[in-house]
Amino acid sequence: MDPRPMYRHAEANPLRRAIRRSAGWKPFSWFYARTLHLIDRAVFRLTRGRATFTSWLADLPVAWLTTTTGAKSGVERTSPVLAIPAGEGKLVVIASNYGQRNNPSWYHNLRANPRTRVLFDGAEREMAARELEGDERERWYERGIEIYPGWVQYRTRAPRRIPVIELTGE
């Protein structure tokens with residue numbers, strides 16, 4: 001594992017640090033949970049796939065996760081998620097859902113079918129999801145906090161254990 005994560009919060013400029021921190025505050029996270037995915041989609045389309053609002057403004061690593069079947073609907077769904085580059089073509093995603101009561105729908109979809117398509121850094125590939133447990137989960141959650149400090153508040157606020165998922169290329 002690379003000892004120095006990409007996208008370190010401490011190395012971001014003051015504006016990007018403030019934006020990253022704002023998402024941990026309950027009113028902002030409530031607002032972001034309801035709007036940010038829509039804004040990310042629009043910016044992604046406008047920039048022809050080069051950026052999302054989150055990646056542009058906060059310099060956070062965003063992946064587009066396409067679950068092949070919705071857990072309830074059976075319909076293909078695509079969601080923007082923060083992704084932690086994990087080396088060797090792997091990514092780690094944290095199903096925080098902004099510290100809300102329930103896990104995000106993409107998490108349930110991955111549980112129903114762990115095969116997924118991921119678009120990250122301009123490359124799309126097939127991947128398989130595996131939920132991390134124990135020390136491995138804790139290590140990646142802490143590494144995620146180095147990138148995005150909002151996960152500290154989400155862990156405190158969420159009335160559930162926030163899942164951490166490893167995505168591996170097939």
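The following questions and answers go through a predicted model of one chain.

Colleague: Which conventions apply to the numbering and to the side-chain values?
Modeller: Residues are numbered from 1 along each chain as its sequence is written, and side-chain values use heavy atoms, leaving out hydrogens and water. The model is predicted: local features need pLDDT of at least 70, side-chain atom pairs count only at pLDDT 80 or more, and totals for chains, interfaces and linings use all residues.

Colleague: What pattern do the helices and strands of the chain follow along the sequence?
Modeller: Helices (H or I, at least four residues) and strands (E, at least two) are DSSP runs, numbered from the N terminus. The chain has six helices and six strands. Read along the sequence, the pattern is α-α-α-β-β-β-α-β-β-α-α-β.

Colleague: What is the radius of gyration of the chain?
Modeller: The radius is taken over C-alpha atoms, and the globule rule is 2.2 Å times the number of residues to the power 0.38. For 170 residues the rule gives 15 Å, and the chain is close to that, so it is as compact as a globular protein of that length. The C-alpha atoms fill a box of roughly 40 × 40 × 30 Å along the principal axes. The radius of gyration of the chain is 15 Å.

Colleague: What percentage of the residues of the chain count as buried?
Modeller: Buried means under 20% relative accessible area, exposed over 50%, and partly exposed in between (1.4 Å probe, protein chains only). The chain has 170 residues, and the share that counts as buried is 45%.

Colleague: How far apart do the centres of the positive and negative side chains lie?
Modeller: Lys and Arg count as positive and Asp and Glu as negative, while His and the chain ends are not counted. Each charge is placed at NZ of Lys, CZ of Arg, CG of Asp or CD of Glu. There are 28 positive and 18 negative side chains, and the centres of the two sets are separated by 8 Å.

Colleague: Which side chains of strand β4 are buried?
Modeller: In a regular strand the side chains alternate between the two faces of the sheet. In β4 (residues 115-120), Arg115, Arg117 and Leu119 point to one face and are not buried. Pointing to the other face, and buried, are Thr116, Val118 and Phe120.

Colleague: Which residue in β5 is the bridge partner of leucine 119?
Modeller: Two strands pair if DSSP finds at least two bridges between them. β4 pairs with β1 (residues 62-67) in the antiparallel sense over four bridges, with leucine 65 opposite valine 118. β4 also pairs with β5 (residues 123-131), again antiparallel, over six bridges. There the partner of leucine 119 is glutamate 124.

Colleague: Which residue in the turn between β4 and β5 has a positive phi?
Modeller: β4 and β5 form a hairpin with two residues between them. The residue in question is exposed, with a relative accessible area of 60%. Its phi is about 55° although it is not a glycine. It is aspartate 121.

Colleague: Which residue in β6 stands opposite glutamate 131?
Modeller: Strand β6 (residues 164-169) is joined to β3 by four bridges, running antiparallel, and valine 92 has glutamate 166 as its bridge partner there. Five bridges join β5 to β6, also antiparallel. Opposite glutamate 131 stands isoleucine 165.

Colleague: Is serine 96 buried or exposed?
Modeller: Serine 96 is found in the loop between β3 (91-94) and α4 (105-112). Leaving aside neighbours within four places in sequence, serine 96 is in contact (heavy atoms within 4.5 Å) with Trp151, Tyr154, Arg160 and Ile162. Its relative accessibility is 6%, so serine 96 counts as buried.

Colleague: What is the phi of tyrosine 98?
Modeller: Tyrosine 98 is found in the loop between β3 and α4. Tyrosine 98 is partly exposed, with a relative accessible area of 21%. Although tyrosine 98 is not a glycine, its phi is positive, at about 60°.

Colleague: How far apart in space are phenylalanine 53 and aspartate 40?
Modeller: Phenylalanine 53 lies in helix α3 (residues 53-58) and is partly exposed, at 27% relative accessible area. Not counting residues up to four places away in sequence, phenylalanine 53 touches Leu36, Ile39, Asp40, Val43 and Ala58. Phenylalanine 53 and aspartate 40 are 13 residues apart in sequence, and their C-alpha to C-alpha distance is 4.9 Å.
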